[in-house]
Amino acid sequence: MAERKKANRSKVILVAGGAGFVGSHLCTVLVRAGHRVICVDSYLTGSPANVTHLCSNPYFTAIEQDICDEVEIDEPLDQIYNLACPASPPFYQADPIHTMMTSVSGTRNLLRLAERNGALFLQASTSEVYGDPEEHPQQEDYWGHVNCTGPRACYDEGKRAAEALCFDSLRTGSVDARVARIFNTYGPCMRPNDGRIVSNFIVQALRNEPLTIYGSGEQTRSFCYVSDLVDGLIKLMNRRPNPGAPINLGNPGEFTVMELADLVLSTVETSSRVVHAPPAPDDPQRRRPDISRAKTFLKWEPKVPLAEGLSRTILWFQKSLAMERPVHRV
Ligand code: NAD
Ligand code: UDP
């Protein structure tokens, strides 16, 4: 049985979306720190397999539930992290209205739960609230440039609405809510078919398939290793007093999509080359977080450089793909 360290300081923490990529890392760190963790997840893009290693721990419970339905938990909660929402463009666009409702109704349901419990609340927002930004790097006081009628709107506008719900709850004094604006994060436990760039490129390279670059490849992103992000989320949740403003969490290193492809190709032993595919509609062209606020309020900055995080992720995918059962065709 895992020991519950310093029982007087352990908390009861609900992680919505806890069986997803980031959520499963967060649950693991919180359980290891001695907290009681309740994972609520519909398994839409996550999997029970991501938290199997925690299931024998008596302080961990996984509940299958959609947060668009009222969430009732029959024990007092100290903290709620809301990470529930598909984050990969092909998946959040597959059922766009459900994506939007997850951020709006789902966040509202969890805020109600936080209010009933007097629990601290952390909303996983996104750099997508900046849309295709006209300011660079992006500071939190930039209001963004989002196309509210495009195919990304279900995600971007849903997250913007969720932020509004959080700040209204904070202003009215009903919930002590915090908002993290997360920039592109990668690492072990991403699904091979997740569809986001890092997992796509690694899986394609390991399978000796072409790396698909959407558009010119000149568009940029900033990639944060998952352990750094989880560290930032926990610091934001526990920061007293509440910063009262959204906080960017991301790695300020900025890379073009082409540079990322080259890095993957130089790290993996592969015969893959790049191919160009049509650009994704409304694809943001530049993205880099200004993390001054996180440095000041949270004393946080990422530690894992891209090359190192990528090597660790490649190793994980190598093992994970090797364990996949071969397909026998008759
Ligand atoms: P993910 O898709 O791997 O995980 C999301 C989890 O939420 C999954 O387990 C999924 O099953 C669950 N979920 C989705 N809709 C739900 C619903 N209605 N009810 C209950 N569970 C539901 O994504 P991720 O990369 O782990 O992202 C986690 C959170 O962080 C998301 O809210 C995402 O918007 C945000 N975020 C992530 C990134 C990133 O690069 N990883 C960047 C910005 C923001
Ligand atoms: N991208 C790409 N090939 C892929 C997947 C993504 O060129 O196989 C590009 C995509 O067009 C975008 C960037 O990589 O410019 C990041 O895409 P991702 O879906 O990972 O995240 P987001 O667009 O949400 O930042």
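The following exercises, each with a worked solution, concern a predicted model.

**Exercise 1. Determine the strand order of the open sheet and identify its edge strands.**

Step 1. The open sheet has seven strands, in the order β3-β2-β1-β4-β5-β6-β11. The pairing is parallel.

Step 2. An edge strand pairs on one side only; β3 (60–64) and β11 (247–249) fit this description.

Step 3. Neighbouring strands of this sheet are turned against each other by 20° on average, with direction ignored.

**Exercise 2. Describe how β1, β4, β5 and β6 are joined, and name a residue pair for each contact.**

Step 1. Begin with β1 (residues 12–16), which pairs with β4 in the parallel sense over four bridges. Here I13 stands opposite Q79 in β4.

Step 2. Proceed to β4 (residues 79–82), which is joined to β5 by four bridges, again in parallel. In this pairing, Y81 stands opposite L122 of β5.

Step 3. Continue to β6 (residues 177–182), whose parallel pairing with β5 comprises six bridges. The bridge partner of S125 in β6 is R181.

Step 4. Trace the connection: the chain leaves β5, passes through α4 and arrives at β6, and this β-α-β crossover is right-handed.

**Exercise 3. Decide whether the residues of β5 are buried or exposed, and do likewise for D141.**

Step 1. Sort the residues of β5 by direction. L120, L122, A124 and T126 point one way, whereas F121, Q123 and S125 point the other way.

Step 2. Apply the cut-off: a residue is buried if 20 or more other C-beta atoms lie within 10 Å of its own, and exposed if 12 or fewer do. The residues on both sides of β5 are all buried.

Step 3. Draw the conclusion for the strand: seven of the seven residues of β5 are buried, so β5 is largely enclosed by the rest of the structure.

Step 4. Locate D141, which lies in the loop between β5 (120–126) and α4 (153–171). D141 is exposed, because it has 10 other C-beta atoms within 10 Å.

Step 5. Relate D141 to the strand: D141 and F121 are 20 residues apart in sequence, and their C-alpha atoms are 21 Å apart in space.

**Exercise 4. Describe the shell around ligand 1 and the shell around ligand 2.**

Step 1. For ligand 1, there are 27 surrounding residues, the closest being G17, G20, T45, G46 and A87. The elements that give two or more residues to this shell are α1 (21–32), α3 (96–117) and β5. Of these, α1 gives the most, with three residues.

Step 2. By class, the shell around ligand 1 divides into 14 nonpolar, 11 polar and two charged residues.

Step 3. For ligand 2, there are 13 surrounding residues, with R196, I197, N200, Y214 and A280 the closest. Both α5 (197–206) and β8 (211–214) supply at least two residues of this shell, and the largest share, three residues, comes from β8.

Step 4. By class, the shell around ligand 2 has six nonpolar, four polar and three charged residues.

**Exercise 5. Compare two UniProt annotations with the model.**

Step 1. An unreviewed UniProt entry assigns the annotation "transmembrane region" to residues 12–31. In the model, this span is 55% helix and 25% strand, and its end C-alpha atoms lie 10 Å apart.

Step 2. UniProt (unreviewed entry) also places the feature "domain: NAD-dependent epimerase/dehydratase" at residues 13–250. That span is 34% helix and 19% strand, with its end C-alpha atoms 24 Å apart.

Notes:
Residues numbered from 1 in each chain as written. Chains lettered and ligands numbered in written order. Predicted model: local features only at pLDDT ≥ 70, side-chain atom pairs only at ≥ 80, totals over all residues. Near = placed C-beta within 6 Å. Nonpolar A, V, L, I, M, F, W, Y, C, P; charged D, E, K, R; others polar. UniProt positions renumbered as here; feature names shortened; annotations may be inferred. Pairing = 2+ DSSP bridges. Right-handed = clockwise from strand over helix to strand, strands pointing away. Axes fitted to C-alpha atoms, helices over the stretch in contact; angles between N-to-C directions.
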